[in-house]
Structures are given as C-alpha cells and as structure tokens.
Amino acid sequence: MATEAEKKAIKKYLDGQEQIRFWAKKGEKDRYKKLAESAGMSLAEFLKTAVEEYTNNHGL
C-alpha cells in the first residue's frame with residue numbers, strides 16, 4: 001500500500017499526463033506487444049516511438 005507521500009507524488013505525476021485509448025482488431029494487441037518486446041520497449045513506449053517516427057518521416 002502506498003504511503004501518503006507516494007500517493008501525492010503519483011497524483012502530481014498523473015496530473016501532467018493524458019491517457020490515449022483506441023480499439024484494434026482481436027489479436028492486434030498481442031502482435032503489438034510482441035513487436036514492442038522484440039524492440040526492448042514497453043507497448044506504450046513502442047507506440048509513442050512509432051508515432052514520432054511516422055511524424056518525422058512524413059514531414060508532419
């Protein structure tokens with residue numbers, strides 16, 4: 001169980017974050033997770049990197 005100080009730190013961190021959710025066909029999540037693992041990343045890190053690379057490579 002988190003201490004009050006930990007709870008406060010978590011809340012402060014989350015206040016500066018946004019959650020993004022989307023739907024994918026069944027099985028795609030597992031595919032994305034395997035790709036992320038093979039790249040040595042978490043799923044979130046992998047997806048954020050993919051968006052950034054796409055943006056940079058397409059002049060967006």
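The following questions and answers walk through a predicted model, from its helices and salt bridges to its largest pocket.

Visitor: What kind of model is this, and from which number are residues counted along each chain?

Guide: This is a predicted model in which local features need pLDDT of at least 70 and side-chain atom pairs count only at pLDDT 80 or more, while totals for chains, interfaces and linings use all residues. Side-chain values use heavy atoms, with hydrogens and water left out, and residues along each chain, as its sequence is written, are numbered from 1.

Visitor: How many salt bridges does a search of the whole structure find?

Guide: Side chains of opposite charge can pair when their charged atoms come close. A salt bridge is defined here as a side-chain nitrogen of Lys or Arg within 4 Å of a carboxyl oxygen of Asp or Glu. With that cut-off, the number found in the whole structure is three.

Visitor: Which residue forms a salt bridge with Lys-7?

Guide: The partner lies, like Lys-7, in helix α1, three residues away, about one turn of the helix; helices are DSSP runs (H or I, at least four residues), numbered from the N terminus. An α-helix has 3.6 residues a turn, so residues three or four places apart point the same way. Lys-7 is partly exposed at 37% relative accessibility, and the closest N and O atoms of the pair are 3.6 Å apart, the partner being Glu-4.

Visitor: Is Glu-4 buried or exposed?

Guide: Buried means under 20% relative accessible area, exposed means over 50%, and partly exposed is in between, with a 1.4 Å probe and protein chains only. The relative accessible area of Glu-4 is 61%, so this residue counts as exposed.

Visitor: What is the N to O distance in the salt bridge of Asp-15 and Lys-11?

Guide: Asp-15 and Lys-11 both lie in helix α1, four residues apart, which is about one turn of the helix. Both residues are exposed, and their side chains meet with an N to O distance of 3.2 Å.

Visitor: Which residue meets Glu-28 in a salt bridge?

Guide: Glu-28 lies in helix α2 (residues 28-38), and its partner is in that helix too, three residues apart. Glu-28 is partly exposed at 23% relative accessibility, and the partner is also partly exposed, at 45%. The side chains meet at 2.9 Å, N to O, and the partner is Arg-31.

Visitor: How many of the 12 residues of α1 are buried?

Guide: Helix α1 reaches 16 Å from its first C-alpha to its last, close to the 16 Å expected, where the expected span is 1.5 Å times one less than the number of residues. One of its residues, Ile-10, is partly exposed, with a relative accessible area of 47%. The helix is hardly covered, and the count of buried residues is zero.

Visitor: Which helix gives the most to the lining of the largest pocket?

Guide: A pocket is an open set of points on a 1 Å grid over the protein atoms alone, where a 1.4 Å probe fits, with protein on both sides within 12 Å along at least five of seven lines, and lining residues have an atom within 4 Å of a point. The largest pocket has a volume of about 730 Å³, and among its 17 lining residues, those closest to its centre are Ile-20, Arg-21, Phe-22, Ala-44 and Leu-47. Helices α2 and α3 (43-57) each supply at least two lining residues, and the helix that gives the most, with five residues, is α3.

Notes. Grid points are joined across faces, edges and corners, and a volume is the space filled by probe spheres set on the points.
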